[in-house]
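The following exercises introduce a structure step by step. Please study the sequence and the model before reading each worked solution.

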Amino acid sequence: MTKKPKILVVGSFTMDLIVSSEKFPESGETVIGCGFSTAPGGKGANQALQAAKLGAQVTMVGRVGKDNFGKEIINSMEMGGVDISHVKIDSEAPTAIGNIQLQVTESGTANRIIVFPGANMRITQEDIAFLKDSIGDYDFVMLQHEIPQSINETVAEYAFDFNIPVMLNPAPSAPISQNLLSKLAYLSPNEHEAYDITGTYPDSDINIKKAADFLISSGAKNVLITLGKKGSAFSDGSDLIKSPSIDCGSVVDPTAAGDSFIAAFCTALASGLQPDEAMAFANFTAGITVTRMGAQTSLPNLSEVISLMNKNGYKTTGGGIFKWTC
């Protein structure tokens, strides 16, 4: 095995409260559910744990509340091999929660999510000050929109000064400053976020390129747009690469699919893969994720992904798709 890539994730922790029903309730309506569960989540934590399960050496920076949800999330991260020595316990705010509604029908599963950010929005400049000098120790940095944007700005500037690539997953959708865009090596919105930012919905090759070109002209070096069942598209400003999604069986819960995909893509890039190879790897990873319930509980490990890719004819050793083996 070659040296593991070192990935830094500065982001959110959330306890997901998941309820399933055969239909989403309308305003003022009550429906009877058909399932309930809880699962550690949060976009930052999901991405950190997925990267660790895929073979990266991952450090997570963030905050949880001084409550049972916080303890459970920290335990999940530690069990998954994530370094949480820079995670703060906040005594004044609760751990964030995600209210996840799943509509389960014969045609598939859809979700609606409301997030209460809690301690995630109380990350301070002091919490990340150590990175000013140490961020050069990492190979890749991953950021999202579930923490204060000022924190993302500072971390991206630190990484930019050390020439460390930064991936921003702009979810949930929110404005991105020109300064932050200029510090990003990669920007990865889904189709809805791409529309919010660019005004162009990426529903065709022409519109995908139009949206990607807008983001690159705004400052991002590379753009990866996730397209749900249609897969993903990548642009470096000249070439547009499309990669189809992978059907691994019935969709049980799509909640962490985007986090799984982005983490796999970043881990692959940090390990030396080219974008098209990284997209294929990420599609297989996310394809497994959606067949399982929960966020972190659904994330596959490296051996599972490699096994599935081998079954589908992908070469994963000897200088092929991967620079490491299980």
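**Exercise 1. Two helices that meet**

The axes of helices H9 and H10 (residues 275–289) cross at roughly 145° and come within 8 Å of each other. The model examined here is a predicted one.

Task: Determine the handedness of the crossing of H9 and H10, and state which residues meet there.

Solution. Step one concerns the handedness: H9 and H10 cross in a right-handed manner. Step two lists the contacts. On the side of H9, the residues are Ala257, Ser260, Phe261, Ala264, Phe265, Ala268 and Leu269. They meet Pro275, Ala278, Met279, Phe281, Ala282, Asn283, Thr285, Ala286 and Thr289 of H10. Step three follows Phe265 further: leaving aside residues up to four places away in sequence, Phe265 touches Pro275, Ala278, Met279 and Ala282, and also Met167, Tyr186, Leu224 and Phe234.

**Exercise 2. The nonpolar cores**

Task: State how many residues the largest nonpolar core has, and which of them have the most contacts inside it.

Solution. The largest nonpolar core has 49 residues. Those with the most contacts inside it are Val58, Met60, Met77, Val82 and Phe265. Helix H9 (residues 257–270) supplies the largest share of this core, namely eight residues. Another core, of 35 residues, lies apart from it and includes Ile123, Tyr138, Ile151 and Leu184. As general background, nonpolar side chains in soluble globular proteins tend to be buried together.

**Exercise 3. The open sheet**

Task: Give the order of the strands in the nine-stranded open sheet, and explain why one side of E5 and of E13 is left without a neighbour in the sheet.

Solution. The order is E5-E4-E1-E8-E9-E10-E11-E12-E13, and the pairing is mixed. E5 and strand E13 (240–243) stand at the edges; each has a single partner strand, so one side of each has no neighbour in the sheet.

The next step is to place helices against this sheet. H9 lies across E1, strand E8 (140–144), strand E9 (166–169), E10, E11 and E12, and runs at about 160° to E8. Helix H8 (residues 205–217) lies across strand E10 (186–187), strand E11 (222–226), strand E12 (232–235) and E13, at about 140° to E11.

**Exercise 4. Strand E4 and its partners**

Task: Decide whether strand E4 (residues 57–65) is largely enclosed or largely open, and describe how E4 is joined to E1 and E5.

Solution. A residue counts as buried when its relative accessible area is under 20%. Eight of the nine residues of E4 are buried, so the strand is largely enclosed by the rest of the structure. Strand E1 (residues 6–10) runs parallel to E4 and is joined to it by five bridges. Val9 has Met60 in E4 as its bridge partner, and Val10 stands opposite Val61 in E4. E4 and strand E5 (residues 83–90) also run parallel, joined by six bridges. Here Gly62 stands opposite Val87 in E5. From E4 the chain crosses through helix H2 (residues 68–79) to E5, in a right-handed β-α-β crossover.

**Exercise 5. Strand E2**

Task: Find which strands are joined to E2 by bridges, and in which direction each pair runs.

Solution. Six of the eight residues of strand E2 (residues 14–21) are buried, and the strand is mostly covered. Seven bridges join E2 to strand E3 (residues 35–41), and this pair is antiparallel; Asp16 stands opposite Ala39 in E3. Eight bridges join E2 to strand E6 (residues 96–105), and this pair is parallel; Ile18 stands opposite Ile100 in E6.

**Exercise 6. Unusual backbone geometry**

Task: Identify which residues a cis peptide bond joins, and state where Asn163 is found.

Solution. The general expectation comes first: most residues other than glycine have a negative phi, and most peptide bonds are trans. The bond between Ala171 and Pro172 is cis, with omega about -5°. Pro172 is found in the loop between E9 and helix H6 (178–182). Asn163 is found in the loop between helix H5 (149–161) and E9. Its phi is positive, near 60°. Asn163 is exposed, since its relative accessible area is 68% and the cut-off for exposed is over 50%.

Key. Residues are numbered from 1 along each chain as its sequence is written. This is a predicted model: local features need pLDDT of at least 70, side-chain atom pairs count only at pLDDT 80 or more; totals for chains, interfaces and linings use all residues. Side-chain values use heavy atoms; hydrogens and water are left out. A nonpolar core is a set of buried Ala, Val, Leu, Ile, Met, Phe, Trp, Tyr and Cys residues joined through side-chain atoms within 4.5 Å. Buried means under 20% relative accessible area, exposed over 50%, partly exposed in between (1.4 Å probe, protein chains only). Helices (H or I, at least four residues) and strands (E, at least two) are DSSP runs, numbered from the N terminus. Contact means heavy atoms within 4.5 Å. Two strands pair if DSSP finds at least two bridges between them. A crossover is right-handed if, with the strands pointing away from the viewer, the path from the first strand over the helix to the second runs clockwise. Axes are lines fitted to C-alpha atoms, for helices over the stretch in contact, and angles run from 0 to 180 degrees between N-to-C directions. A crossing is left-handed if the near helix is turned anticlockwise from the far one by less than a right angle, and right-handed if clockwise.
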